[in-house]
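Here are my notes on the model you asked me to look through. I start with two residues and then zoom out to the chain as a whole.

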Amino acid sequence: MNYWLMKSEPEVYSISDLEKQTETIWDGVRNYQARNFLRQMKIGDLAFFYHSNSNPPGIFGLMRISKTDIADPTQFEPTSKYYDSKSTPESPRWQTVNVEFVESFIQPISLAILKEKFTPEELLLVRNGNRLSVMPVPEEVAQKILAIKYPTSA
DNA sequence: GCCAACGTTGGC
DNA sequence: GCCAACGTTGGC
């Protein structure tokens, strides 16, 4: 089982949207490095839901990968902003996954905290200038994030 | 709104 | 294949 971090602007799609919807397709990723990570995901993997362009930015919840290797349908829709004229259904360029809601953090973990706790080597997110919207999170780092989230009194 | 840090595009 | 111009991301 692997851990991931996936970004979304809450004004576009937030953890509470996912909570209401229960499950959604993570469409619209058009960056090859991010897509390559999406291709590596396995059913049952866990992903931190990161709010970008928000105040504060940070990890707001947790979700689970529920379906993998899906051709992103928006690449075939000419009216979509994610339309890719060079992609065909026979050989789709962009794959993605379905995610299902696990939990919304009562106390979100802000970017400031993440920068405090982790080095750029441990967590790609805190690397200066990083714009990747899908990235792996090492097991050890994921456990520490969950430990911050679950107080030690438990 | 500003701007740094990227990724992509396209001329050559 | 190089690289300048351009577009986008995302923190602040």
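1. Start with Thr 96, which sits in strand S5, the run covering residues 95–110. Keep in mind throughout that this is a predicted model, so every number below is computed from predicted coordinates.

2. Is Thr 96 buried or exposed? Its relative accessible area comes out at 2%, and the cut-off for buried is under 20%, so Thr 96 counts as buried.

3. Have a look at the polar side of Thr 96 too. Its side chain reaches the backbone oxygen of Trp 26, at a distance of 2.5 Å. Trp 26 also turns up in the list of residues that Thr 96 touches.

4. What else does Thr 96 touch, leaving out residues up to four places away in sequence? Besides Trp 26, there are Ile 25 and Asp 27, then Leu 38, and then Thr 68, Asp 69, Ile 70 and Asp 72.

5. Next up is Val 29. You'll find Val 29 in the loop that runs between strand S2 (23–25) and helix H2 (32–40). Despite the loop setting, Val 29 is buried, with a relative accessible area of 10%.

6. The neighbours of Val 29, again not counting residues up to four places away in sequence, are Ala 34, Arg 35, Leu 38, Asp 72, Trp 94, Ser 133 and Val 134. Leu 38 and Asp 72 are on this list, and Thr 96 touches Leu 38 and Asp 72 as well. For a through-space pair, try Val 29 and Thr 74: they are 45 residues apart in sequence, with their C-alpha atoms 9.9 Å apart.

7. Now the whole chain. Chain A has 4 helices and 6 strands, and reading along the sequence gives β-α-β-α-β-β-β-α-β-α. The radius of gyration is 16 Å, close to the 15 Å from the globule rule for 154 residues, so chain A is as compact as a globular protein of that length. If you want a box, the C-alpha atoms fill roughly 50 × 35 × 30 Å along the principal axes.

8. On packing, buried residues account for 44% of the 154 residues in chain A. Take the contacts between residues at least 6 apart in sequence: 71% of them join residues at least 24 apart.

9. Last, surface and charge. Chain A exposes about 8700 Å², and carbon and sulfur atoms supply 49% of that area. There are 17 positive and 19 negative charges, and their mean positions lie 5 Å apart.

Notes
Residues are numbered from 1 along each chain as its sequence is written. Chains are lettered from A and ligands numbered from 1 in the order in which they are written. This is a predicted model: local features need pLDDT of at least 70, side-chain atom pairs count only at pLDDT 80 or more; totals for chains, interfaces and linings use all residues. Side-chain values use heavy atoms; hydrogens and water are left out. Helices (H or I, at least four residues) and strands (E, at least two) are DSSP runs, numbered from the N terminus. The radius of gyration is taken over C-alpha atoms; the globule rule is 2.2 Å times the number of residues to the power 0.38. Buried means under 20% relative accessible area, exposed over 50%, partly exposed in between (1.4 Å probe, protein chains only). Contact means heavy atoms within 4.5 Å. Accessible areas come from the Shrake-Rupley method with a 1.4 Å probe; for residues, only the protein chains shown count as cover. Lys and Arg count as positive and Asp and Glu as negative; His and the chain ends are not counted. The place of a charge is taken as NZ of Lys, CZ of Arg, CG of Asp or CD of Glu. A polar contact is a pair of N or O atoms within 3.5 Å; within protein, one must be able to donate a hydrogen and the other to accept it, and residues adjacent in sequence count only if both atoms are side-chain atoms.
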